[in-house]
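Here is a walk through one model, from its sheet to its core and on to its less certain stretches. Keep the viewer open and follow along.

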Amino acid sequence: MSDTGHSTDLTRRRMLQGAGIAFTAAVGTAVIGLTGPAGTPAAAAGTEGTEPFDEIYRGRRIQGLPGAGGTGHHHHGGPEYTVLVNGRELHSMRNADGTWISVINHYQPQPTPRALARAAVAELQGAALVPLA
């Protein structure tokens with residue numbers, strides 16, 4: 001066998017090994033994406049995300065009102081849900097995986113609207129929630 005043939009076989013072998021590794025990684029990612037690792041917000045999200053709540057958290061009144069007709073956007077097409085901080089609406093959205101995000105903590109999904117409101121209050125650090133125009 002010539003040197004050219006040997007190096008071609010080696011390249012094909014490496015290509016097939018690389019494809020096998022890439023396939024295994026893709027399948028693993030898909031499985032994790034479908035099931036969600038335990039302990040993540042997506043794993044904790046369930047029907048609790050639609051429960052009403054009204055409490056004082058760090059000196060702020062936070063409320064969650066299902067079906068209140070707020071401006072929240074939902075990917076699931078479910079009922080509207082409004083989150084309020086001291087009577088002002090916290091614009092929120094439910095993600096496809098069941099987690100919630102808001103304009104205050106857009107990159108920190110929370111498992112429920114209550115957790116979302118609490119995270120927003122913590123992030124505001126005493127500042128007032130300003131309505132969006």
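Start with the sheet. Four strands build an open sheet, ordered 1-2-4-5, with antiparallel pairing. Strand 1 and strand 5 are the edges: each has a single partner strand, so one side of each has no neighbour in the sheet. From one strand to the next, the twist averages 25°. Keep in mind that this is a predicted model.

Now take the strands pair by pair. Strand 1 and strand 2 are antiparallel and share five bridges. Two of the bridge pairs are easy to locate. Asp54 has Gln63 of strand 2 as its bridge partner. Tyr57 is bridged to Arg60, also in strand 2. These two strands form a hairpin, with two residues between them. Strand 1 covers 53–57 and strand 2 covers 60–66.

Look into that turn. Arg58 sits in the loop between strand 1 and strand 2. The phi of Arg58 is near 50°, a positive value in a residue other than glycine. Is Arg58 buried or exposed? Arg58 has a relative accessible area of 60%. Exposed means over 50%, so Arg58 counts as exposed.

Move on across the sheet. Strand 2 and strand 4 run antiparallel and are joined by five bridges. One pair to find here is Gly64 with its bridge partner Val83 in strand 4.

Next comes the loop between strand 4 (81–85) and strand 5 (88–90), where Asn86 is placed. Asn86 also has a positive phi, near 50°, and is a residue other than glycine. The relative accessibility of Asn86 is 46%. That value falls short of the 50% mark for exposed and is not under the 20% mark for buried, so Asn86 is partly exposed.

Now add the helix. Helix 3, residues 113–124, lies across strand 1, strand 2, strand 4 and strand 5. The angle between helix 3 and strand 1 is about 25°.

That brings us to the core. In soluble globular proteins, nonpolar side chains tend to be buried together. Here the largest nonpolar core has 13 residues. Which residues have the most contacts inside it? They are Ile62, Val85 and Leu90. Strand 4 and helix 3 each supply at least two residues of this core. Helix 3 gives the largest share, five residues.

Follow two of these residues outward. Leaving aside residues up to four places away in sequence, Val85 touches Arg60, Arg61, Ile62, Leu90, Val121 and Leu129. Leu90 is in strand 5. Leu90 has a relative accessible area of 0%; buried means under 20%, so Leu90 is buried. With the same sequence neighbours left out, the contacts of Leu90 include Val83, Leu84, Val85, Ser102 and Ile104. Leu116, Ala117, Ala120 and Leu129 also touch Leu90. For a distance check, take Leu90 and Gly64. They are 26 residues apart in sequence, and their C-alpha atoms are 9.9 Å apart in space.

Turn to the aromatic rings. A pair of aromatic rings is described by the distance of the centres and the angle of the planes. A search of the whole structure finds one aromatic pair. Tyr81 and Trp100 form this pair, with 5.6 Å from centre to centre and 55° between the planes. The pair is tilted. It links distant parts of the chain: Tyr81 belongs to strand 4, Trp100 to strand 7 (residues 100–102), and 19 residues separate them. Both Tyr81 and Trp100 are buried.

Finish with confidence. The chain averages a pLDDT of 75, and 56% of the residues score at least 70. Residues 34–46 have a pLDDT below 50, and this stretch has 16 contacts in the model beyond near neighbours in sequence. Residues 72–77 are also below 50, with 20 contacts in the model beyond near neighbours. Where pLDDT is low, the predicted coordinates should not be read in detail.

Methods: Residues numbered from 1 in each chain as written. Predicted model: local features only at pLDDT ≥ 70, side-chain atom pairs only at ≥ 80, totals over all residues. Heavy atoms only, no water. Buried < 20%, exposed > 50% of the residue type's maximum accessible area, 1.4 Å probe, protein only. Phe/Tyr/Trp six-rings, centres within 6.5 Å; stacked < 30°, edge-to-face > 60°. Pairing = 2+ DSSP bridges. Axes fitted to C-alpha atoms, helices over the stretch in contact; angles between N-to-C directions. Contact = heavy atoms within 4.5 Å. Core = buried A, V, L, I, M, F, W, Y, C linked by side-chain atoms within 4.5 Å. pLDDT = per-residue confidence, 0-100.
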